[in-house]
Amino acid sequence: MDPRTQYPKISPPEETHPIPGLDVDLVPKADHGAKTYRGTGKLAGRKALITGADSGIGAAVAIAYAREGADVALAYLPEEGPDGDVVEKILQDANVEVVHLKGNLTDHAYRDSLVGNAANALGGLDILVNNAGHQVAIEDIADLTDEQVAETFEVNILAMFTLCREAMDVMPPGSSIINTTSIQAYSPSEHLLDYASTKAAINNFTKGLAAQAGPKGIRVNAVAPGPIWTPLQPSYGQPPEALPKFGHNTWLGRAGQPAEVAHAYVFLAQPESSYILGETINVNGGRATP
């Protein structure tokens with residue numbers, strides 16, 4: 001299939017949605033692979049915790065993991081419940097355990113207990129996908145408050161330290177941690193100073209933790225998506241005037257869909273990727289990256 005036209009070239013309207021944004025309100029709709037992803041048992045018997053699992057990339061990963069045979073714990077904000085319910089309905093035919101763990105990663109009590117609660121509910125944990133992200137576009141650093149910077153760092157990178165630390169304490173050899181970074185780590189947009197900074201930090205964190213975890217038999221890697229159409233984008237994640245041409249500057253000339261990213265997370269989680277550690281897979285429609 002021609003990758004330029006395999007998924008539609010979208011031109012979203014110039015509009016903003018309330019933060020955090022809901023997939024059920026997204027125009028046009030995102031493709032999470034619900035109708036197309038076919039599993040082959042790559043993750044049979046595995047147990048995964050996925051943050052930001054209600055929509056976007058997290059939802060696509062949850063669908064892919066479940067259809068590959070993994071039990072999944074879905075972590076997301078309480079106000080994103082409508083999207084979480086949709087994901088659960090999609091997963092009904094996968095015949096796996098699906099657990100909802102709602103909360104805010106800025107709440108230290110919630111994030112301190114998240115891994116333990118997931119492991120208890122699933123009967124163990126051997127995959128952690130750190131995918132939740134906070135992104136708010138601010139054109140000028142003069143308008144970028146310390147409060148926003150703190151929230152972005154809390155959700156995007158500081159919570160990752162907590163979840164990885166707790167996960168390393170319960171994960172057996174053969175486990176996998178997969179962090180979501182971004183094209184912003186390499187090519188930061190001027191209106192995403194705080195977000196891009198966290199994504200660069202995630203790249204560095206991933207490589208450092210991989211060096212610690214490898215000798216314990218735990219693999220740590222990352223996925224760096226490019227412009228992927230999710231509720232994050234119209235919920236103040238991009239300037240409204242930029243939305244109609246979102247992703248049009250990639251080599252494929254279009255934005256990506258969450259379904260196109262999920263395969264990278266499956267690849268990094270499966271046992272066949274046993275010799276891949278500290279790597280970042282770029283899924284960005286064609287952009288020069290280191």
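Where does N95 lie? The residue lies in the loop between α2 and β3 (98-102), where helices (H or I, at least four residues) and strands (E, at least two) are DSSP runs numbered from the N terminus.

The model is predicted: local features need pLDDT of at least 70, side-chain atom pairs count only at pLDDT 80 or more, and totals for chains, interfaces and linings use all residues. Residues are numbered from 1 along each chain as its sequence is written, and side-chain values use heavy atoms, with hydrogens and water left out.

**Exercise 1. Describe the backbone at N95, P20 and P28.**

Step 1. Most residues other than glycine have a negative phi, and most peptide bonds are trans.

Step 2. N95 is not a glycine, yet its phi is positive, at about 60 degrees.

Step 3. The peptide bond from I19 to P20 is cis, with omega near 15 degrees. P20 is placed in the segment before β1 (47-51).

Step 4. V27 and P28 are also joined by a cis peptide bond, with omega about -5 degrees. P28 lies in the segment before β1.

**Exercise 2. Characterise the packing of α4 against α5.**

Step 1. Two packed helices are described by the angle between their axes and the distance between the axes. Axes are lines fitted to C-alpha atoms, for helices over the stretch in contact, and angles run from 0 to 180 degrees between N-to-C directions.

Step 2. For helix α4 (residues 146-170) and helix α5 (residues 193-213), the angle is about 15 degrees and the axes are 9 Å apart.

Step 3. Angles under 35 degrees count as roughly parallel, over 145 as roughly antiparallel, 65 to 115 as roughly perpendicular and the rest as oblique. α4 and α5 are therefore roughly parallel to each other.

Step 4. The crossing of α4 and α5 is right-handed; a crossing has this hand if the near helix is turned clockwise from the far one by less than a right angle, and is left-handed if anticlockwise.

Step 5. Contact means heavy atoms within 4.5 Å. On the α4 side the contact residues include F153, I157 and F161, and on the α5 side they include Y195, I202 and F205. The residues of this contact divide into 13 nonpolar, five polar and two charged. Here Ala, Val, Leu, Ile, Met, Phe, Trp, Tyr, Cys and Pro count as nonpolar, Asp, Glu, Lys and Arg as charged, and the others, Gly among them, as polar.

**Exercise 3. Apply the same steps to α1 with α7 and to α3 with α4.**

Step 1. Helix α1 (residues 56-67) and helix α7 (residues 259-269) pack at an angle of about 55 degrees, their axes being 8 Å apart. α1 and α7 are therefore oblique to each other, and the crossing is right-handed.

Step 2. I57, A60, V61, A64 and Y65 of α1 make the contact with A259, V261, A262, Y265, V266 and A269 of α7. By class, the contact of α1 with α7 has eleven nonpolar, no polar and no charged residues.

Step 3. Helix α3 (residues 108-122) packs on α4 at an angle of about 35 degrees, with the axes 8 Å apart. α3 passes α4 in a right-handed crossing.

Step 4. Among the contact residues are R111 and D112 of α3, and E154 and E166 of α4. The contact of α3 with α4 comprises seven nonpolar, two polar and four charged residues.

**Exercise 4. Compare the contents of the cavity and the second largest pocket.**

Step 1. On a 1 Å grid over the protein atoms alone, a cavity is a set of points where a 1.4 Å probe fits but cannot get out, and a pocket is an open set with protein on both sides within 12 Å along at least five of seven lines; lining residues have an atom within 4 Å of a point. Grid points are joined across faces, edges and corners, and a volume is the space filled by probe spheres set on the points.

Step 2. The whole structure holds one cavity of 30 Å³ or more. The largest cavity contains about 40 Å³ of space.

Step 3. Its lining consists of T51, L105, N130, N131, A132, V155, N156, A159, M160 and L163. α4 gives the most to this lining, with five residues. The classes are six nonpolar, four polar and no charged.

Step 4. The second largest pocket holds about 180 Å³ of space. Its lining has seven nonpolar, one polar and four charged residues, and the largest share, four residues, comes from helix α2 (residues 81-90).

Step 5. I90 is one of the residues lining the second largest pocket. Leaving aside neighbours within four places in sequence, I90 is in contact with A34, I63 and R67. The C-alpha atoms of I90 and I63 are separated by 7.4 Å, and the two residues are 27 residues apart along the chain.
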